[in-house]
Amino acid sequence: MNYLHNFCKSYFERRYINSLLAKPFVILSGNSGTGKTKVACKIAKYYHNNIPDYNKSLKDLFKYILEHDYDMNGVKLKSVSDTAVEVYNTKNKYICISFGIIQEYIDWYAQNGIASNPVRSDMQEQGLYDGQSYSWDTTHIEKIAKFVLDYIKQERRGVYVSNHLLIPVGADWTDNTKILGYYNPLADNGAGKYEKTDVFKFIELAGENPEIPFFLILDEMNLSHVERYFSDFLSKMELLDYKENCEPVFFDIPGYGKLELPKNLFITGTVNIDETTYMFSPKVLDRANVIEFKPEMEDVLDNLLKSSNGDDDKTAEPGVAEGFMKLANEVRSGTIPEEVQTVLKGIKPILESFYKELEKCGFEFAYRTVKEIRLYAIAAFKTAEGEKPIATDIADIQILQKILPKIHGNKKQIGSLLDELEKLCDENQLKESLAKIRQMKDKLNRFQYASFI
């Protein structure tokens, strides 16, 4: 993992990776043009892994063919079950063909060549089915088998899908159909069909490849009310258990059934704050690490004279993406390394002093926040190079990313609270949190209202 982490030289990038390892939902905030989406895409592309789109069982492959409306050498699919496909014959009626017989023909062509003619008597003698099965729909079986073999072995062999997906959020995202799709009763000439989104298909693909991390980036996430389209994810993510042999978590989708929320799905939301966007609710902020991108003036202006150094095009060595997924599972497994236990004991009194002040104004944190701070500490230790982080380092970043984002209000509501938190940050040498609190205080004095974002 060291080679991986060396790629992420930026302070923000390191915080971002540790946050993803601790919990697979991170919010990147900041003004437009600060590089939030660029960083998210850069990390995702680095952990890039091409997945062949034909790497499926016959059932999954036929479902894929049906969804994409492929013509299989003149044969059109109507439906796919657990054991067979229905296809249209020349009279536009239906023929049911089992996967088993199709596979036998695929094996025949693979062994004898796609131009060979299967001998029906040999097929019947060597196959598992009765003679009738090899006769009345032979033409369709041959066409399907040739298409599948050609699809897998030849024309489609170089077609891959990626393990990262960038989706711009629209202002019309008023429910979860923009992410999880919907059932269309008018599709397929009134037969009905579930319309899957790119996100839905991406989640399915992640579930089929549990060893590889999949990165979903929701760009301008707050262009619509997050709770309206993302509430399912907010709830289901809390149910994920990363211990071995634990129960999977599913979305219950009307018109489709169950869709598993895979543990290897990492979601990043980028947000801008202006008159076209919506503020996040405490429910959303409490379930994420919030990282604010605020580049220094010198860094911004120095970029005027810099050309691209090609970092965005770098990809990791083989096996590194799988290593990232393995590390994420280790971090979230519930096991606390002994050296982290010592640091957590140092963090506890800092959090206790903050809790007492926050409680007075109704901003106190609860179990989820403490658990995720612990996971972040484990991630920070596992990815550290050289000197390990100390208690104040981790407390500083987690107060900044997990506690301060929920504080908002007018001068009467949070004025004295920010004063007390400023003192606590100064006493405990929490430099990052101190700088943010002073920024919020300045905003409060000028506009009579302040929030983290």
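**Sheet, helices and cores in a predicted model**

Biologist: Over how many bridges do strand 5 and strand 6 pair?
Modeller: The model is predicted. Strand 5 covers residues 84–88, and V87 has its bridge partner I95 in strand 6. The two strands pair in the antiparallel sense, and the number of bridges is five.

Biologist: Over how many bridges do strand 4 and strand 5 pair?
Modeller: Strand 4 and strand 5 form a hairpin with three residues between them. V80 stands opposite V85 in strand 5. The pairing is antiparallel, and the number of bridges is three.

Biologist: Which residue in the turn between strand 3 and strand 4 has a positive phi?
Modeller: Strand 3 and strand 4 pair in the antiparallel sense over two bridges, and M72 has V75 as its bridge partner in strand 4. The hairpin they form has two residues between the strands. The turn residue with a positive phi, about 55 degrees, is N73.

Biologist: Which strands stand at the edges of the sheet?
Modeller: The sheet is open and has four strands in the order 3-4-5-6, paired antiparallel. An edge strand here has a single partner, so one side of it is left without a neighbour in the sheet. That applies to strand 3 (71–72) and strand 6 (94–98).

Biologist: What angle does the direction of helix 4 make with that of strand 4?
Modeller: Helix 4 (residues 58–67) packs on the sheet and touches strand 3, strand 4 (75–80) and strand 5. Its direction and that of strand 4 make an angle of about 115 degrees.

Biologist: At what angle does helix 5 run to strand 6?
Modeller: Helix 5 takes in residues 99–112 and reaches 20 Å from its first C-alpha to its last, close to the 20 Å expected. Its buried residues include F99, I102, Y105 and W108. The helix lies across strand 4, strand 5 and strand 6, and its angle to strand 6 is about 70 degrees.

Biologist: Which residue follows helix 5?
Modeller: Helix 5 has 14 residues, 99–112. The residue after the helix has a positive phi, near 100 degrees, and is G113.

Biologist: How many of the residues of helix 16 are buried?
Modeller: Helix 16 spans residues 391–403 and is mostly covered. Among the elements covering its buried residues are helix 2 (11–22), helix 14 (338–360) and helix 18 (431–447). The buried residues include A391, D396, Q401 and K402. The count is 11 of 13.

Biologist: Which residues touch the most other members of the largest nonpolar core?
Modeller: This core has 110 residues. F25 is in contact with residues beyond four places in sequence, including M221, F230, L234 and I267. A second, separate core of 28 residues includes L77, V80, I95 and V148. In the largest core, the residues touching the most other members are F25, F230, F233 and I407.

Biologist: Is N163 buried or exposed?
Modeller: N163 lies in the loop between strand 7 (160–161) and strand 8 (164–168). Leaving out residues up to four places away in sequence, its contacts include Y47, H48, F202 and F215. Its relative accessible area is 0%, and the cut-off for a buried residue is under 20%. N163 is therefore buried.

Biologist: How far does the backbone oxygen of Y47 lie from a polar atom of the side chain of N163?
Modeller: Y47 is one of the residues that N163 touches. A polar contact requires N or O atoms within 3.5 Å. The distance from the backbone oxygen of Y47 to the side-chain polar atom of N163 is 2.9 Å.

How values were computed:
Residues numbered from 1 in each chain as written. Predicted model: local features only at pLDDT ≥ 70, side-chain atom pairs only at ≥ 80, totals over all residues. Heavy atoms only, no water. Expected span 1.5 Å × (residues − 1). Buried < 20%, exposed > 50% of the residue type's maximum accessible area, 1.4 Å probe, protein only. Core = buried A, V, L, I, M, F, W, Y, C linked by side-chain atoms within 4.5 Å. Contact = heavy atoms within 4.5 Å. Pairing = 2+ DSSP bridges. Axes fitted to C-alpha atoms, helices over the stretch in contact; angles between N-to-C directions. Polar contact = N/O pair within 3.5 Å; in protein donor to acceptor, adjacent residues only side chain to side chain.
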